[in-house]
Amino acid sequence: MANPQLEDGFFRIANEIAEALARLILNSEESRCLWVLFRLTYGYSKKSDLIGLSQFSELTGIDRSHVCRALVSL
């Protein structure tokens with residue numbers, strides 16, 4: 001990720017979501033899981049998707065049990 005460019009892909013977030021996120025206090029694991037959620041939904045132009053714990057774990061580098069705890073907290 002030395003030189004990220006828009007031409008290599010991006011996803012849009014609605015202003016309402018961005019403003020709500022600005023008000024949230026999240027721990028590191030919650031934040032990382034939320035970014036994976038955005039990437040795998042909005043990043044593929046989906047409004048929803050079934051994302052397994054193993055996929056969250058792989059993409060965040062967080063142990064599955066901690067992913068589960070972060071998602072419950074979210």
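Throughout this tour, a contact means heavy atoms within 4.5 Å. The structure is a predicted model, in which local features need pLDDT of at least 70 and side-chain atom pairs count only at pLDDT 80 or more, while totals for chains, interfaces and linings use all residues. Residues are numbered from 1 along each chain as its sequence is written, and side-chain values use heavy atoms, with hydrogens and water left out.

**The whole chain**

Start with everything displayed as a cartoon. The protein has four helices and zero strands, and along the sequence its pattern reads α-α-α-α; helices here are DSSP runs of H or I with at least four residues, strands are runs of E with at least two, and both are numbered from the N terminus. The C-alpha atoms fill a box of roughly 35 × 25 × 25 Å along the principal axes. Of the 74 residues, 20% count as buried, where buried means under 20% relative accessible area, exposed means over 50%, and partly exposed lies in between, with a 1.4 Å probe and protein chains only. Among contacts with a separation of 6 or more, 48% are between residues 24 or more positions apart.

**Helix α3 and S57**

Select S57, which lies in helix α3, residues 53–60. Is S57 buried or exposed? Its relative accessibility is 16%, so S57 counts as buried. Not counting residues up to four places away in sequence, S57 touches I62, D63, R64 and V67.

Now add helix α4, residues 64–73. The axes of α3 and α4 come within 9 Å and cross at roughly 105°; axes are lines fitted to C-alpha atoms, for helices over the stretch in contact, and angles run from 0 to 180 degrees between N-to-C directions. The two helices α3 and α4 are therefore roughly perpendicular to each other, in a scheme where angles under 35 degrees count as roughly parallel, over 145 as roughly antiparallel, 65 to 115 as roughly perpendicular and the rest as oblique. To see this contact, show L53, S54, F56, S57 and T60 in α3, which meet R64, V67, C68 and L71 in α4.

**Helix α2 against its two partners**

Next, select α2, residues 28–41, together with α3. These two helices, α2 and α3, pack at an angle of about 110°, with their axes 10 Å apart, which makes α2 roughly perpendicular to α3. The residues to display are R32, C33, V36, L37 and L40 of α2 and Q55, F56, L59 and T60 of α3, which make the contact.

Then replace α3 with α4. Here α2 and α4 pack at about 85°, with their axes 9 Å apart, and α2 is thus roughly perpendicular to α4. This contact is made by E29, E30 and C33 of α2 and H66, V67, R69, A70, L71 and S73 of α4.

Stay with E30, a residue of helix α2 that counts as buried because its relative accessibility is 8%. Leaving aside neighbours within four places in sequence, E30 is in contact with I25, A70, S73 and L74. A distance label between the C-alpha atoms of E30 and I17 should read 16 Å, for residues 13 apart in sequence.

**Two salt bridges**

How many salt bridges does a search of the whole structure find? The search finds two, a salt bridge being a side-chain nitrogen of Lys or Arg within 4 Å of a carboxyl oxygen of Asp or Glu. Select E29 and R69, whose side chains meet in a salt bridge with an N to O distance of 3.2 Å. This pair links distant parts of the chain, with E29 in helix α2 and R69 in helix α4, 40 residues apart.

Move on to K46 and D49, whose side chains meet in a salt bridge at 3.1 Å, N to O. K46 counts as partly exposed because its relative accessibility is 34%, and D49 is partly exposed as well, with a relative accessible area of 36%.

**Two loops**

Select S45, in the loop between α2 and α3. Its phi is near 55°, a positive value in a residue other than glycine, whereas most residues other than glycine have a negative phi. With 71% relative accessibility, S45 counts as exposed.

Finish at L24, in the loop between α1 (15–23) and α2, which counts as partly exposed at 45% relative accessibility.
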